[in-house]
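Trainee: I would like to learn how to read metal sites and a ligand site in a model of this kind. Could we go through them step by step?

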Amino acid sequence: TSGRNAVRFFDPAMQAVLVVKMMLESNLRVALALEQFQLYYQIQVDADGNVIGAEALLRWIHPDRGFISPLEFIPVAEQTGLIIPIGTWVLETACNQLKKWGRNPKTAHLSLAVNVSAKQFQQSNFVETVTEIVRLHNINPTRLKIELTESTILDNVDATTEKMQQLKKLGIAFSMDDFGTGYSSLAYLQKLPLNQLKIDQSFVRDLNDDENDATIVRAIISLGLNLGLDVIAEGVETVAQRRFLIDHNCLTFQGYLYSKPIPIEGLDALLAGDSSD
Ligand code: C2E
Ligand code: CA
Ligand code: CA
Ligand code: CA
């Protein structure tokens with residue numbers, strides 16, 4: 001009966017979780033209003049060590065708690081719908097950065113990848129929002145890359161593919177994030193307007209010690225290359241990992257071996273000191 005359900009619903013442990021979630025939600029609203037969010041940037045590098053772009057990673061700098069990981073607050077932002085305004089802020093900030101890079105011949109070639117969550121991508125006006133932001137900032141849309149996960153795409157393949165196609169027409173690129181951790185079928189993969197597969201860091205971590213991981217990584221690379229996609233590996237921390245990846249034709253990397261995600265000032269300094277040209 002409903003009585004029994006009610007008792008179960010007001011389980012104190014569950015209520016505590018709920019309260020924490022509600023506090024986090026109201027704090028997230030404040031964070032947005034008070035501009036406590038910041039984008040950090042992690043460079044992406046080719047086999048010669050040239051910086052070809054970066055991934056924008058969201059940081060919440062709380063006045064009392066300090067850094068709060070996106071792994072902690074993105075799920076709550078998704079559940080409460082706050083991911084929509086937060087995600088729009090991320091896109092605007094990223095495009096503003098691309099605009100700055102575009103003005104300087106030394107940085108005009110750089111691409112910037114942003115993570116877009118399922119709920120954000122599935123908004124009916126997502127294509128219009130992105131189109132508007134790209135136009136307002138007057139950026140070259142081919143420098144903007146959207147990272148989607150397999151689950152975002154597979155949630156509603158037809159609608160997602162349609163949106164991806166519209167954005168691709170605009171020039172925007174797509175990378176499939178965390179590749180290998182989801183359930184993509186090869187049939188989908190070939191139909192999606194993707195530019196890049198991103199090998200998940202969980203496969204990269206033990207690449208040199210774990211034969212299964214090595215096999216998976218080799219398979220992902222050849223799959224991607226055979227479909228005409230770029231393949232990038234994330235979580236590259238060691239020279240041995242890079243060696244393996246290069247030997248198997250994955251020629252783009254992201255990871256602590258090159259740089260952690262850093263604030264824009266750090267990135268600008270890094271780019272200014274980059275003598276790769
Ligand atoms: P992700 O998109 O898979 O991002 C890669 C994560 O790996 C980042 O964690 C990055 O800091 C970390 N990482 C990079 N290189 C290395 C490495 O060499 N070793 C190790 N151990 N880790 C490395 P971060 O910044 O904490 O972000 C976590 C997740 O939060 C992201 O995973 C992404 O799913 C989500 N996220 C971050 N920013 C945004 C955003 O603006 N919007 C949305 N929707 N999600 C975001
Ligand atoms: Ca990502
Ligand atoms: Ca990932
Ligand atoms: Ca991830």
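Trainee: Is Asp177 buried or exposed?

Mentor: Keep in mind that this is a predicted model. A residue counts as buried when its relative accessible area is under 20%, and Asp177, with a relative accessible area of 8%, is therefore buried.

Trainee: Which protein donors does the calcium ion (ligand 2) have?

Mentor: For calcium, N, O and S atoms within 3.2 Å of the metal are taken as donors, and because water is not among the atoms, a site may look incomplete. Here the protein donors of ligand 2 are Glu55 through OE, Asn115 through OD1, Glu147 through OE and Asp177 through OD, at 2.2 to 2.3 Å from the ion. Along the sequence these donor residues follow the spacing E-x59-N-x31-E-x29-D, and distant parts of the chain are linked by the pair Asn115, in strand β4 (residues 111-115), and Asp177, in strand β6 (residues 173-179), which are 62 residues apart. Asn115 is partly exposed, with a relative accessible area of 31%, whereas Asp177 is buried.

Trainee: How should I read the calcium ion (ligand 3), and which residues coordinate it?

Mentor: Read the donors and then their places in the chain. Asp178 (OD) and Glu234, which is listed twice through OE, coordinate ligand 3 at 2.0 to 2.7 Å. This pair again links distant parts of the chain, since Asp178 belongs to strand β6 and Glu234 to the loop between β8 (230-233) and α12 (239-247), 56 residues apart. Asp178 counts as partly exposed at 25% relative accessibility, while Glu234 counts as buried at 8%. The two calcium ions, ligand 3 and ligand 2, are 4.8 Å apart.

Trainee: Where does ligand 1 sit, and which residues come nearest to it?

Mentor: Begin with the pocket, then go on to the shell and the individual contacts. Ligand 1 sits in the largest pocket, and β2 (51-62), α3 (70-80) and β6 are the elements that give two or more residues to the shell around it. The largest share of that shell, four residues, comes from β2. Of the 21 residues around ligand 1, those that come nearest are Gln42, Arg59, Gln201, Glu237 and Tyr256.

Trainee: Which polar side-chain atom lies 2.9 Å from a nitrogen atom of ligand 1?

Mentor: That atom belongs to Gln42. For oxygen atoms of ligand 1, a polar backbone atom of Tyr256 is 2.8 Å away from one, and an N or O atom in the side chain of Asp178 is 3.3 Å from one. The protein covers 83% of the 800 Å² of accessible area that ligand 1 has on its own.

Technical notes: Residues are numbered from 1 along each chain as its sequence is written. Chains are lettered from A and ligands numbered from 1 in the order in which they are written. This is a predicted model: local features need pLDDT of at least 70, side-chain atom pairs count only at pLDDT 80 or more; totals for chains, interfaces and linings use all residues. Side-chain values use heavy atoms; hydrogens and water are left out. Donors are N, O and S atoms within 2.8 Å of the metal (3.2 Å for Na, K and Ca); water is not among the atoms, so sites may look incomplete. Buried means under 20% relative accessible area, exposed over 50%, partly exposed in between (1.4 Å probe, protein chains only). A residue is near a molecule or strand if one of its heavy atoms lies within 4 Å of it. A polar contact is a pair of N or O atoms within 3.5 Å; within protein, one must be able to donate a hydrogen and the other to accept it, and residues adjacent in sequence count only if both atoms are side-chain atoms. Accessible areas come from the Shrake-Rupley method with a 1.4 Å probe; for residues, only the protein chains shown count as cover. On a 1 Å grid over the protein atoms alone, a cavity is a set of points where a 1.4 Å probe fits but cannot get out, and a pocket is an open set with protein on both sides within 12 Å along at least five of seven lines; lining residues have an atom within 4 Å of a point. A molecule sits in a cavity or pocket if more than half of its atoms lie within 2 Å of its grid points.
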